Amino acid sequence: IADLKGGPDEGLDRVGHTVVVEGWVRTVRVQSSVTFIEVNDGSCLSNMQCVVDLDADGYNQVESGLVSTGASLWVQGIVVKSQGSKQKVELKVKKIILVGKSDSSFPIQKKRVSREFLRTKAHLRPRSNTFGAVARVRNALAYATHKFFQENGFVWVSSPIITASDCEGAGEQFCVTTLMPNSQEVSDSPVDAIPKTDDRLIDWSQDFFGKPAFLTVSGQLNAETYATALSDVYTFGPTFRAENSNTSRHLAEFWMIEPELAFADLGDDMACATAYLQYVVRYVLENCKEDMDFFNTWIEKGIIDRLSDVAEKDFVQMTYTEAIDLLKQANKKFEFPVKWGCDLQSEHERFITEEAFAGCPVIIRDYPKDIKAFYMRQNDDGKTVAAMDMLVPRIGELIGGSQREERLEYLETRLDELKLNRDSFWWYLDLRRYGSVPHAGFGLGFERLVQFATGMENIRDVIPFPRTPGSAEF
Ligand code: 4AD
Ligand code: MG
């Protein structure tokens, strides 16, 4: 359907052609001598209106009422100019085959259903307009991400999902356990071998990996090893955090994009983050017009203008110290008091991005070292590190990054201060022993980017199968 209707003539150039459409029924409207069936194939938001009259081959299936919302169809017909005003062309059906009928309990009917309800139907929600559009824009953002980095000479590196390190040092990791049926009770039948109760299991993960292993919270440390060999690299893969936060911007499993730049400082890092964000935003504005119009109308009014600004205007930059001063002078009662050294709370981030600099991404740099991770490069003042966060309206932190501590002595001292075991970072320290270079990188939460680009309010609605506390179905 996208191929047919996506051109500048919206399909008029194909009038008279015979085409086949394969898709799922959105609605059926029966009139005395003709039936209108709206079919969607997921290639775009638009449906194909299929006009079936009494002499179409397969009309009996339509007449029997089996062609209902949710059913799958194979339809062959001639493209004709539409009488209606909703579309330029429609299909005059020659032959119609009901591929799979749909039970009347199909939950995604024409009437609007809530997104909370659709979360309980994650297996069917991609058949709705909103989730179809989100999936296509998410795909475009992933494609644009690879395109941006590839065009700029970065090498994509696959960082591991199972790891023994805790990059962020926040202890929010999922532990990997290797459960085996207790050997004495293993039965020959594969079905019986599936463990049913915990006391039949033994955890042998420590034996398997030789030490406790976790799902990665970030691929950064691994990316650094490749950046200090191949220069500029990036990762793009799933990461995991056992944060017990039930918010509209946290997931237990999310995708992260983590570029790492060699021979680079914090300024280069911020420039890369800005260029990247502007590139992918421009990409979806140019390549996902129909879906973006949909979001602009139904999800966030004005999002197209807002994103167009982001793609063109300079971002605001300030130091953490300046941000604290700004918040102190804000003449506003915050729930969390503002003082130098505190972590910025979402109310603070909202004030900065929504009130102080309405609508514009803001990059805050040089945070106190005590609220940031061990690997960040210490600034000359001894109190701050070369960190940067990019904040955007509604979402808050979209990007977190830093210049890395490339000086061996500083890094060792920092590990000691934080009571982190030097031995477990031996390979990371080696990078500082053998040809250390200034380097910097950042991590961008891909789902937060999808939220930013679509206006979707809840992060659970921009990933196909959200993993959050209490929810891992589907
Ligand atoms: O700020 P974070 O924790 O930074 C890192 O992990 C660094 N190692 C990245 C790097 O420098 N290579 O996370 C980076 C980004 C955040 O800015 C946010 O967008 C996203 O990851 N993020 C989450 N997204 C969804 N759900 C969560 N629970 C998230 N936690 C972080
Ligand atoms: Mg962060």
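Modeller: Before we start, one definition helps: two strands pair if DSSP finds at least two bridges between them. Please keep in mind that this is a predicted model.

Colleague: Thanks! In which sense do strand β1 and strand β4 pair?

Modeller: Strand β1 covers residues 18-30 and strand β4 covers residues 72-81. Seven bridges join them, and tryptophan 24 stands opposite serine 72 in β4. The sense of this pairing is antiparallel.

Colleague: And how many residues lie between β1 and β2 in their hairpin?

Modeller: β2, residues 34-40, runs antiparallel to β1, with six bridges joining the two. Within this pair, threonine 27 faces glutamate 38 in β2. The number of residues between the two strands of the hairpin is three.

Colleague: Let's move on to helix α6. Why is helix α6 described as largely enclosed by the rest of the structure?

Modeller: A residue is buried if 20 or more other C-beta atoms lie within 10 Å of its own. In α6 that holds for Gln220, Leu221, Asn222, Ala223, Glu224, Tyr226, Ala227 and Thr228. The cover over these buried residues includes β11, β12, α13 and β17. Helix α6 (residues 220-230) is largely enclosed because its buried residues number eight of 11.

Colleague: Which residue just after α6 takes a positive phi?

Modeller: Look right past the end of the helix. The phi there is about 75°, and the residue is serine 231.

Colleague: Now the ligand. Which element supplies the largest share of the shell around ligand 1?

Modeller: The surroundings of ligand 1 comprise 24 residues, of which Ser218, Gln220, Gly400, Gly443 and Gly445 come nearest. At least two residues of the shell come from each of β12, β16 (396-403), β17 and α14 (446-454). With six residues, the largest share belongs to β16.

Colleague: How many charged residues does that shell around ligand 1 have?

Modeller: Sorted by class, the shell around ligand 1 contains eight nonpolar and nine polar residues. The charged residues number seven.

Colleague: One last residue: how does alanine 311 count in terms of exposure?

Modeller: Alanine 311 sits in helix α9, residues 303-312. Leaving out residues up to four places away in sequence, alanine 311 touches Gln278, Val281, Arg282 and Leu285. Because alanine 311 has 17 C-beta neighbours inside 10 Å, it counts as partly exposed.

Colleague: What distance separates the C-alpha atoms of alanine 311 and isoleucine 97?

Modeller: Along the chain, these two residues are 214 residues apart. In space, their C-alpha atoms are separated by 46 Å.

Technical notes. Residues numbered from 1 in each chain as written. Chains lettered and ligands numbered in written order. Predicted model: local features only at pLDDT ≥ 70, side-chain atom pairs only at ≥ 80, totals over all residues. Helix = DSSP H or I, 4+ residues; strand = E, 2+ residues; numbered from the N terminus. Buried ≥ 20, exposed ≤ 12 C-beta atoms within 10 Å, placed from the backbone. Contact = placed C-beta atoms within 7 Å. Near = placed C-beta within 6 Å. Nonpolar A, V, L, I, M, F, W, Y, C, P; charged D, E, K, R; others polar.
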